[in-house]
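Q: Please look closely at one part of this structure and describe its setting. Then connect that part, step by step, to the rest of the chain.

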Amino acid sequence: MNAVETDYLGVVTDGRVTIHSNTIDEINVATQGVTVSAIKLLAKELNWDANILATSIGTTTRTLERYSKDRKRLSAKLSENALEIARISSQGIAYFGDVKRWNEWLGTPNIQFANQEPKSVIHTIRGRELIKRVILGLEYGFTA
């Protein structure tokens with residue numbers, strides 16, 4: 001497993017949580033909510049457009065803009081999804097070596113995902129679990 005150059009949990013939480021933080025800290029941050037600016041920064045770091053990131057956390061860009069305009073933090077559910085996207089991206093980038101290869105894998109149809117692209121299921125809890133399981137399998141020598 002390669003070292004992760006960027007701590008994506010730190011990015012999406014404005015440094016309040018890192019990959020070394022405990023679960024309670026993550027729960028507290030999710031409950032308080034993450035900022036739209038942190039979501040946009042995460043999208044930039046992952047080379048995703050705002051629509052892709054919004055969809056992956058279970059919302060729309062219009063909703064994100066509304067949160068931003070009202071200067072509100074995201075709901076606990078959306079924040080929790082954002083934390084999971086950050087964590088899974090850290091795992092994926094650590095395995096694949098860089099953001100570009102991680103994004104290529106996410107966009108490539110895979111038999112483990114019923115010949116769909118992994119990014120097509122990343123917006124669901126079970127989809128993220130499957131992505132994590134496939135990456136773990138790859139780390140241990142199973143084929144994608």
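A: **Glu-26 and its surroundings**

Glu-26 has its place in helix α2, which covers residues 23-32. Helices and strands are DSSP runs numbered from the N terminus, a helix being H or I over at least four residues and a strand E over at least two. The model is a predicted one, in which local features need pLDDT of at least 70, side-chain atom pairs count only at pLDDT 80 or more, and totals for chains, interfaces and linings use all residues. Residues are numbered from 1 along each chain as its sequence is written, and side-chain values use heavy atoms, with hydrogens and water left out.

With a relative accessible area of 13%, Glu-26 is buried; the term means under 20% relative accessible area, whereas exposed means over 50% and partly exposed lies in between (1.4 Å probe, protein chains only). Apart from its neighbours within four places in sequence, Glu-26 is in contact with Leu-9, Val-17, Ser-21, Leu-83 and Arg-87, contact meaning heavy atoms within 4.5 Å.

The chain as a whole provides the frame for this residue. The protein chain contains eight helices and zero strands, and its pattern along the sequence reads α-α-α-α-α-α-α-α. Its radius of gyration of 15 Å is close to the 15 Å given by the globule rule for 144 residues, so the chain is as compact as a globular protein of that length. Here the radius is taken over C-alpha atoms, and the rule is 2.2 Å times the number of residues to the power 0.38. The C-alpha trace spans about 45 × 30 × 25 Å along its principal axes. Of the 144 residues, 42% count as buried. Among the contacts with a separation of 6 or more, 60% are accounted for by residues 24 or more positions apart.

Aromatic rings form another theme of the model. A pair of aromatic rings is described by the distance of the centres and the angle of the planes. Rings of Phe, Tyr and Trp (its six-membered ring) pair if their centres lie within 6.5 Å; planes under 30 degrees apart are stacked, those over 60 are edge-to-face and the rest are tilted. The structure holds five such aromatic pairs. The rings of Tyr-95 and Phe-96 have centres 4.9 Å apart and planes at 85 degrees, so this pair is edge-to-face. Tyr-95 is partly exposed at 28% relative accessibility, while Phe-96 is buried at 10%. Trp-102 and Trp-105 form a stacked pair, 5.9 Å from centre to centre with 20 degrees between the planes. Both tryptophans lie in helix α7 (residues 99-106), three residues apart, about one turn of the helix. Trp-102 is buried at 0% relative accessibility, and Trp-105 is buried at 10%. Ring pairs link Tyr-95, Phe-96, Trp-102, Trp-105 and Phe-113 into a cluster.

Gln-116 belongs to the loop between α7 and α8 (125-139). At 39% relative accessibility it is partly exposed. Leaving aside neighbours within four places in sequence, Gln-116 touches Thr-108, Pro-109, Asn-110 and Val-121. Its C-alpha atom is separated by 34 Å from that of Gly-15, 101 residues away along the chain.

Empty space completes the picture. On a 1 Å grid over the protein atoms alone, a cavity is a set of points where a 1.4 Å probe fits but cannot get out, and a pocket is an open set with protein on both sides within 12 Å along at least five of seven lines; lining residues have an atom within 4 Å of a point. Grid points are joined across faces, edges and corners, and a volume is the space filled by probe spheres set on the points. There is one cavity of 30 Å³ or more, and the largest cavity holds about 50 Å³. Its lining consists of Ile-39, Lys-40, Ala-43, Ala-50, Leu-53, Thr-61, Leu-64 and Glu-65. The elements giving two or more residues to this lining are α3 (36-46), α4 (50-56) and α5 (61-69). The lining divides into five nonpolar, one polar and two charged residues; Ala, Val, Leu, Ile, Met, Phe, Trp, Tyr, Cys and Pro count as nonpolar, Asp, Glu, Lys and Arg as charged, and the others, Gly among them, as polar.

The largest pocket holds about 200 Å³. Residues lining this pocket include Trp-48, Ile-52, Asn-103, Leu-106 and His-123. Helices α4 and α7 are the elements that give two or more residues to the pocket lining, and the largest share, three residues, comes from α4. Four nonpolar, five polar and one charged residue make up this lining.
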